[in-house]
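Reader: I would like to learn how to read sheets, helices and cores in a model. Where should I start?

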Amino acid sequence: DLFLFDDENNEIKSNEKWDELFDILPEGIDLKIMLNSYNIQDSKKELFMYLKNSIGDYYFSGSRKYQNELVLSDPIKESNEILHVLNYDIKIGNLRLYPDPEISAKNREIQQLSISGYQHKLQVGIFNNEIKESYSNFILKPANSELPLVALNEHLHTKFMGELGFNTPFSGVIYDEKVKDFHYIAKRFDIDESGNKRAQISLNALMKSKDKYDGTIDQVSKFLSPRLDKEQSLKFIGYIYANALLYNSDLHKKNISFMAENDALKLSPAYDVINLYPLKGYSDNQTHLKIAGRNNKITISDFDDIAKNFGLNIDESRQNLQKIFKAYKEKYPIYIEELSKKFDKSLVGEFARKLTQSYELNLSTAKAKDRILASMQSTQTPKERDDSVEAIFSRLGASYITKLQSGAIETPTDKSKGKER
C-alpha cells in the first residue's frame, strides 16, 4: 500500500497515486542500477523508499521520519551569451559518469539515482567553481558516445525555446577534452531559490498513460481542454509547434510537464528539447505524437482543429503560431552561426550543416504551402482552400521534401555557399 502524509503528518491511503508516481522513476541504465543495488525483482514499488530528491514535491521514506538532504548550489551568474560554455571543473570520476549496471548505489559507489528519464543523469551542485555529486538543484547529463554532441544539441535548442517565448531553465555545457565532447548541465525548475520543492507532473502521469509514446496531439488537446485556461491552451499549442519546427521527434508525454500554481496548471519550463534531425539512425520526423494525422510537413493550419478542441479562436491561434515562426525564421540562423564562432569546424561543422538543412526544410514547407494557397480560387471559402491545400500538399509536398532530404534539390543555403551535398 501507498501512504501519503501531508504537511501536518496526517496519513492518507492513496493507492490511486501509483500511476502518477511510477512516472518519476528513472529509466534505462539508472533504473537497472537501482534495481540491482537493492535487489528489487518483483515490484518497482519497493524502489520509492530509496529515491532522494526526486522530481516534484514528493519525499520518500520507509518510515514517518525523513531527512531532506537537499543542498543548494552556489548562485550562478548568468550571461547574455547565446551559448553558455562553462569553465567548471567536474570533480566526478568516470565510474560514476559512465557507470556499469553492476555498480552499487547501496554501497555508495554511486548516488541513489532518482531522476526520471532514459539517459543517465546525476544530481550535482556547483560549489567554488567545481561540479560535484550532491543532492542539489542541478542535473548533469554526461557526454554520450552513442549520441555525439547531444549535450550541445540540447543546450542550444532548450535555450532557443526562450527566443520563441517559452520559459527555460539555466543550462550550459562543459567541454571534456578527454572524450572530445560536452557534458550538459541544467538547473532544476522544480526547486525554488529557497530550496523548496515545487509540484510538477508530466503529461503522461496526468493522463495516467502506460505508454509515453501513445496518442496524438488531437487526443491530448481534448484531454487538456477542460484543464487549461485560454492563455495556457495557446501556450501549449505553441509549444508543440515550436518543438516540431526544431525536429524534436522525441517529444513524448513525459517530456511535457505542468506546474501547479494557484490551483491551476501551467506549462513547465522547456526541457529535453533536442533536434534529432542531425542524429544518425534516428527519425527525420518533426514529431512523434501526430499532428493533423502526420509526423512531418507540419504547418500552422495543421493546428486549427486542435485550437477548436480548446475552444480557441482559430485566427488568434494562427497569429500566435505565426509569431513563433517569425522568431524561428529570424533567430535560428543566428544560433547556428554561433556554433561556428565558438567551436572548431572539425567538431561542429557537420552538426551545423544538418541543423541548417532542417531549417531550410521548414522554410521550403511553408513556401510550398503558400504557393498552393496563392493558386487557389478566390471564390473558395477558407475551409475549402485549406482542404484543397492539404490534398495537394499531401501529394506534392511529400515528393518535394523527399528530394530535398536526399540532396536531389539544393536548398538556398547550399546554393549560396556552393556546397556539395
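Author: What follows goes through the sheets, then one helix, then the cores and one loop residue. Keep in mind that this is a predicted model.

Reader: How do strands make a sheet, and in what order do the strands of the six-stranded sheet lie?

Author: Strands of a sheet pair through backbone hydrogen bonds, in either the parallel or the antiparallel sense. Here an open sheet of six strands is ordered β3-β5-β4-β6-β8-β7, and its pairing is mixed. Its edge strands are β3 (89-90) and β7 (171-176), each of which pairs on one side only.

Reader: How many bridges join β3 to β5?

Author: Two bridges join β3 to β5 (residues 130-133), and these strands run parallel. Aspartate 89 has glutamate 130 in β5 as its bridge partner.

Reader: What is the order of the three-stranded sheet?

Author: That sheet is also described strand by strand. The order is β9-β10-β11; the sheet is open and the pairing antiparallel. At the edges are β9 (200-202) and β11 (264-267), each paired on one side only. From one strand to the next, the twist averages 35°. Strand β10 (residues 257-261) pairs with β11 over four bridges in the antiparallel sense, and phenylalanine 258 stands opposite leucine 267 in β11.

Reader: Which helix lies across β10 and β11?

Author: Helix α7 (residues 230-245) does, running at about 30° to β11. On the six-stranded sheet, α4 lies across β6 (138-141), β7 and β8 (181-187), at about 40° to β8.

Reader: Why is helix α4 described as largely enclosed?

Author: Eleven of the eleven residues of α4 (residues 150-160) are buried, so the rest of the structure largely encloses this helix. The buried residues of α4 include Asn153, Glu154, His155 and Lys159 as well as Val150 and Leu152.

Reader: How do I read the packing of one helix on another, and where do the axes of α4 and α9 come within 11 Å?

Author: An α-helix has 3.6 residues a turn, so residues three or four places apart point the same way. With that in mind, look at the pair itself. The axes of α4 and helix α9 (residues 314-342) come within 11 Å and cross at roughly 145°. This crossing of α4 and α9 is right-handed. From α4, the residues Leu152, Leu156, His157, Lys159 and Phe160 meet Ala327, Tyr328, Lys331, Tyr332, Tyr335 and Leu339 of α9. Sorted by class, this contact has eight nonpolar, one polar and two charged residues.

Reader: Which residues of the largest nonpolar core touch the most other members?

Author: The largest nonpolar core has 66 residues, and Leu224, Phe258, Tyr328 and Leu339 touch the most other members. Neighbours within four places in sequence aside, leucine 339 is in contact with Leu83, Leu152, Leu156, Val348, Phe351, Ala352 and Leu355. There is a second, separate core of 31 residues, with Leu25, Leu31, Val124 and Phe138 among them.

Reader: Is isoleucine 291 buried or exposed?

Author: Isoleucine 291 is in the loop between β11 and α8 (304-309). Its relative accessibility is 0%, so isoleucine 291 counts as buried.

Reader: What is isoleucine 291 in contact with?

Author: Apart from neighbours within four places in sequence, isoleucine 291 is in contact with Ile217, Ile240, Ile298, Asp302, Phe303 and Ile306. One of these contacts, Phe303, lies twelve residues from isoleucine 291 along the chain, and the two C-alpha atoms are separated by 7.4 Å.

Definitions and conventions:
Residues are numbered from 1 along each chain as its sequence is written. This is a predicted model: local features need pLDDT of at least 70, side-chain atom pairs count only at pLDDT 80 or more; totals for chains, interfaces and linings use all residues. Side-chain values use heavy atoms; hydrogens and water are left out. Two strands pair if DSSP finds at least two bridges between them. Axes are lines fitted to C-alpha atoms, for helices over the stretch in contact, and angles run from 0 to 180 degrees between N-to-C directions. Contact means heavy atoms within 4.5 Å. Buried means under 20% relative accessible area, exposed over 50%, partly exposed in between (1.4 Å probe, protein chains only). A nonpolar core is a set of buried Ala, Val, Leu, Ile, Met, Phe, Trp, Tyr and Cys residues joined through side-chain atoms within 4.5 Å. A crossing is left-handed if the near helix is turned anticlockwise from the far one by less than a right angle, and right-handed if clockwise. Ala, Val, Leu, Ile, Met, Phe, Trp, Tyr, Cys and Pro count as nonpolar, Asp, Glu, Lys and Arg as charged, and the others, Gly among them, as polar.
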